[in-house]
Amino acid sequence: MAAVESGKPAFWSLQNVSYQAYRLKNRPELIIGLLALGFLSFVVLVPLLQIIKDAFTFQSYDLAYNPDGVVGEFTLFHLDRVFNQPISAALFYKPLMNSLKMGFAVTVIALTVGFSLAWLMVRTNVHFKGVFGAMLVFPYMMPSWVMAIAWLSLFKNDRVGGSEGVLTYLTGTQAPDWVAYGIFPIVITLALHYYAYAYLLISGALATVDSELEEAGATSGMGKWKRIRVITMPLLMPAIGSAIVLTFIRILGTFGTPALLGLPVRFFTFSTQIYASINARNQGDAFVLALVLIVLAISFIWVNSRIIGVRKSYVTMTGKGFRKHESDLGKMRWPATVLVILFLCMTVALPLILLLWESLTLIPGDYSLSNLTTYFWVGQGNVNLAYGEPGVIHNKGILGALLNSVKLGFAAALFNGVLGLLVGYAVVRGRGKRLSKWLEAIAFAPYIFPSIALGAIYIGMFSTNIGPIPALYGTFTILILITVIKNLPFTSRTGIAAILQIHQSLEEAARVQGIGWFRRMFRIIIPLSMSGLVAGMLLTFITAMRELSLIILLISPGNMVLTGLIFGYQEQDMAQHSSAVTLMLVLIIIIISVIVRVMSRSAGVGRLNAT
């Protein structure tokens with residue numbers, strides 16, 4: 001009664017509903033935010049809750065170990081098997097130690113290499129910096145396990161089975177098992193791939209450090225190394241911390257390299273143990289391991305944030321001018337240049353040459369020129385070679401997997417780019433609101449899930465119907481969905497950064513003129529944010545094309561992609577097919593990446609068309 005007397009309509013009155021609808025029409029960020037939050041809650045939080053439920057519930061496959069159990073009841077059976085049984089050493093503790101040792105070793109080496117290269121490229125006058133800068137990011141564009149396949153071509157021996165490598169062919173000497181397989185080659189090959197993260201982050205940070213700060217330290221009597229330790233290194237801590245976190249978390253969840261170089265000698269990490277447990281139909285154990293992996297990732301991020309949080313100021317640029325000084329290497333300029341060239345040969349040229357050479361060998365293990373053939377590229381099929389498998393050009397399985405990989409890359413890039421931009425729009429335009437904070441947090445959440453753990457989570461959720469949603473396990477849709485969600489933290493960040501650069505007054509002016517939200521998006525927001533949108537989409541495409549850890553648990557013959565096919569060929573010791581398909585995959589990624597970048601530059605991406 002009071003509401004009517006005061007002139008305010010009742011909450012459920014037609015007048016109030018119309019008023020609220022009008023308000024929503026003029027607050028599209030609220031509608032987008034609510035829809036995005038609901039969708040992301042379903043594909044991020046619900047799977048996590050589902051895997052926790054399955055980890056603490058007695059499953060039908062557990063009856064083989066405990067016939068007295070009741071399916072569906074709460075149980076600590078899986079935790080007991082993983083943490084407190086004789087099998088726990090092999091199931092949990094040994095893979096845990098292997099993963100931690102591998103993670104720390106790779107992170108230290110990758111950080112050292114990345115920092116050294118970043119310093120050379122930014123702070124010295126080493127030759128050919130432009131060419132080197134472009135080539136040093138090539139390993140990131142290649143799958144992390146390309147180096148592992150190249151390592152096997154060089155050092156594999158006959159103690160594990162299959163043909164011998166180039167080293168044995170050239171010298172007659174068998175590489176010891178610890179060189180060919182296990183933690184040593186895993187650490188080396190992963191470090192030579194993941195150094196790119198540290199290089200990119202640290203080189204960007206170094207480029208913004210004002211040389212006048214160091215020169216002031218020199219004026220006050222500080223030596224060179226003390227200036228680096230007291231002035232430069234503290235300013236680089238955010239970049240170094242990000243490189244450590246990014247590398248370590250990726251290493252914990254990586255699957256391809258530990259599988260190729262570890263499984264032949266039964267060297268298990270968390271990722272390969274999760275894979276083995278699911279293949280053995282012990283999904284409850286795998287889910288517990290996945291949860292431990294997630295807890296480790298969260299803990300590592302928290303520790304890093306606490307360490308960096310101790311120092312509150314990392315300002316490197318002010319309004320007082322900026323100067324960057326390059327150190328003259330003097331007589332060491334050419335030796336340093338040669339070292340960079342050798343490093344690029346080892347990490348880029350040599351793996352690709354070995355892949356090509358391996359794909360051209362008729363008889364495995366014979367690397368003579370007389371043994372070269374193009375059969376594994378153009379052969380029609382011979383029952384006496386490679387189980388009758390045709391060459392790449394005539395192989396329907398390979399061509400089908402290639403089509404699926406390209407479809408996955410473009411579909412994931414498109415959906416992820418649009419979703420990232422919409423999330424960025426909702427977060428920025430609703431800045432300060434609780435909905436904006438929740439959406440930003442949940443969009444970042446997939447970052448803390450190691451790839452193999454997220455794959456296990458999606459198995460737990462999408463193996464059965466969810467209301468009207470059919471079971472997605474074994475379909476191509478689930479590959480697109482998990483790829484989009486895993487890469488959302490990166491595209492949402494680029495979306496947020498892009499929208500922050502577009503002042504809201506541009507939209508308000510268009511709205512006053514009666515231009516609707518969709519037209520504003522296509523005429524103003526998308527053109528102005530195109531550079532960030534393309535960058536996020538390109539990153540998703542590259543990741544989708546080379547991804548194995550994320551989708552290894554979800555691929556099947558019906559949705560096979562190139563990375564899964566390559567892993568299958570390696571397991572069957574079909575090195576020629578594996579090398580040929582891997583080389584094809586790398587070249588496709590590089591070619592499409594270059595084409596997209598060239599087209600973006602020639603089209604003037606990011607500039608608003610005044611007409």
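**Figure 1. Helices α5 and α16 meet in this predicted model.** The axes of helix α5 (residues 88-123) and helix α16 come within 8 Å and cross at roughly 150 degrees. Angles over 145 degrees count as roughly antiparallel, and α5 and α16 are therefore roughly antiparallel to each other. On the α5 side, the contact is made by A90, L91, F92, P95, L96 and S99. On the α16 side, F270, Q273 and S277 take part.

**Figure 2. Helix α16 sits largely enclosed by the rest of the structure.** Take a walk along helix α16, which spans residues 270-279. How many of its ten residues are buried? Eight of them are, so the helix is largely enclosed by the rest of the structure. The buried residues are F270, S271, T272, Q273, I274, Y275, S277 and I278. Look again at F270, Q273 and S277 in this list: they are also the α16 residues that touch α5.

**Figure 3. R281 follows α16 with a positive phi.** Just after α16 comes R281, in the loop between α16 and α17 (283-309). Its phi is positive, at about 60 degrees, although R281 is not a glycine. Here is some background to help you read this view. Most residues other than glycine have a negative phi. Is R281 buried or exposed? With 54% relative accessibility, R281 counts as exposed.

**Figure 4. D573 is another residue with a positive phi.** D573 has a phi near 60 degrees, a positive value in a residue other than glycine. To find D573, look in the loop between α27 (562-571) and α28 (575-602). D573 is partly exposed, with a relative accessible area of 41%.

**Figure 5. F128 and F132 form an edge-to-face pair.** The structure holds 26 aromatic pairs. In the pair shown here, the ring centres of F128 and F132 are 6.0 Å apart and the ring planes stand at 85 degrees, so the pair is edge-to-face. The two partners can be compared by their accessibility. F128 counts as partly exposed at 45% relative accessibility, whereas F132 counts as buried at 4%.

**Figure 6. Y194 and Y197 form a tilted pair in helix α11.** The ring centres of Y194 and Y197 are 5.5 Å apart and their planes lie at 45 degrees, so this pair is tilted. Where are these two tyrosines? Both lie in helix α11 (residues 183-206), three residues apart, which is about one turn of the helix. A general rule helps here. An α-helix has 3.6 residues a turn, so residues three or four places apart point the same way. Y194 is buried, with a relative accessible area of 4%, and Y197 is buried too, at 9%.

**Figure 7. Four aromatic residues form one cluster.** The members of this cluster are F83, F92, Y93 and F270. You have met two of these names before: F92 of α5 and F270 of α16 are among the residues that make the contact between those helices.

**Figure 8. Charged side chains sit over aromatic rings.** The charged end of R123 sits over the ring of W119, at 5.5 Å from the ring centre. In another view, K407 lies over the face of F476, 5.1 Å from the centre of the ring.

**Figure 9. A36 has partners far along the sequence.** A36 belongs to helix α3 (residues 28-55) and counts as buried, at 8% relative accessibility. A36 and A426 are 390 residues apart in sequence, but their C-alpha atoms are 8.7 Å apart in space. Which residues does A36 contact, leaving aside its neighbours within four places in sequence? They are V423 and L439.

**Figure 10. The whole chain and its confidence.** Stepping back, the protein chain has 28 helices and zero strands. Buried residues make up 52% of its 611 residues. Among contacts between residues at least 6 apart in sequence, 74% join residues at least 24 apart. The chain averages a pLDDT of 82, and 85% of the residues score at least 70. Over residues 1-6, however, pLDDT stays under 50, and the model has one contact for them beyond four places in sequence. Residues 605-611 also have a pLDDT below 50, and this stretch has 13 contacts in the model beyond near neighbours in sequence.

Methods:
Residues are numbered from 1 along each chain as its sequence is written. This is a predicted model: local features need pLDDT of at least 70, side-chain atom pairs count only at pLDDT 80 or more; totals for chains, interfaces and linings use all residues. Side-chain values use heavy atoms; hydrogens and water are left out. Rings of Phe, Tyr and Trp (its six-membered ring) pair if their centres lie within 6.5 Å; planes under 30 degrees apart count as stacked, over 60 as edge-to-face and the rest as tilted. Buried means under 20% relative accessible area, exposed over 50%, partly exposed in between (1.4 Å probe, protein chains only). Helices (H or I, at least four residues) and strands (E, at least two) are DSSP runs, numbered from the N terminus. A charge sits over a ring if NZ of Lys or CZ of Arg is within 6 Å of the ring centre and within 35 degrees of the ring normal. pLDDT is the predictor's confidence in each residue, from 0 to 100. Contact means heavy atoms within 4.5 Å. Axes are lines fitted to C-alpha atoms, for helices over the stretch in contact, and angles run from 0 to 180 degrees between N-to-C directions. Angles under 35 degrees count as roughly parallel, over 145 as roughly antiparallel, 65 to 115 as roughly perpendicular and the rest as oblique.
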